[in-house]
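User: I have a model open and would like to go through some of its features. Could we work through it together?
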Amino acid sequence: LLPLMAAVYECTPLKMKSRNTPHITKYDAARKNRGVQLHNDASDFTFNIMLSPSHAYVGGGTHFTASRVTYRLAQGEALLHPGRLLHKGIEITSGTRYIMVGFADIAAAAAGGR
């Protein structure tokens, strides 16, 4: 995904953040982790890949306050966005939802060149 993200955002090569990335996030309606509160990420770019089929859960999605749009991905789809963009994970109301999340920085910035 890094070359695709670099092409989409027309930036220098990207470097994956080495800490806690990529990782799988589980949202479970039967537990407390049904969604994620409004936040931004400490990265230049973030990607989410939907691992669950749509029928495995109800609700969910990634909501961006700037555009007031919620993206609900199909299994296998990816969402790319600037990490500093304010967003939240909409709560699921039933089932279980798995996504893979990763963070990347512009390579020059990751090396301290920004």
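User: Where is L4 found?
Analyst: In this predicted model, L4 is found in helix 1, which covers residues 2–8.
User: Is L4 buried or exposed?
Analyst: L4 is partly exposed: its relative accessible area is 45%, and the range between buried and exposed runs from 20% to 50%.
User: Which residues form a nonpolar patch with L4 on the surface?
Analyst: L1 and V8 join L4 in that patch, and together the three have about 250 Å² of accessible area.
User: Moving on to the sheet with order 3-9-6-7: is it open or closed?
Analyst: The sheet is open, and its four strands pair in the antiparallel sense.
User: Which strands stand at the edges?
Analyst: Strand 3 (36–39) and strand 7 (69–71) do; each has a single partner strand, so one side of each lacks a neighbour in the sheet. From one strand to the next, the twist averages 15 degrees.
User: How many bridges pair strand 3 with strand 9?
Analyst: Two bridges, in the antiparallel sense, with strand 9 covering residues 87–89. Within this pairing, H39 stands opposite H87.
User: And strand 4, why is it largely enclosed?
Analyst: Strand 4 spans residues 45–50, and five of its six residues are buried, so the rest of the structure largely encloses it.
User: What joins strand 4 to strand 8?
Analyst: Five bridges do, and the two strands run antiparallel, with strand 8 at residues 78–82. F47 stands opposite L80 there.
User: How many bridges join strand 4 to strand 10?
Analyst: Six bridges, again with antiparallel strands; strand 10 covers residues 92–106. N48 stands opposite V101 in strand 10.

Notes: Residues are numbered from 1 along each chain as its sequence is written. This is a predicted model: local features need pLDDT of at least 70, side-chain atom pairs count only at pLDDT 80 or more; totals for chains, interfaces and linings use all residues. Side-chain values use heavy atoms; hydrogens and water are left out. Patches are made of residues with over 30% relative accessible area and no salt bridge: like charges are joined within 9 Å, nonpolar side chains (Val, Leu, Ile, Met, Phe, Trp, Tyr) within 5 Å. Accessible areas come from the Shrake-Rupley method with a 1.4 Å probe; for residues, only the protein chains shown count as cover. A salt bridge is a side-chain nitrogen of Lys or Arg within 4 Å of a carboxyl oxygen of Asp or Glu. Buried means under 20% relative accessible area, exposed over 50%, partly exposed in between (1.4 Å probe, protein chains only). Two strands pair if DSSP finds at least two bridges between them. Axes are lines fitted to C-alpha atoms, for helices over the stretch in contact, and angles run from 0 to 180 degrees between N-to-C directions.
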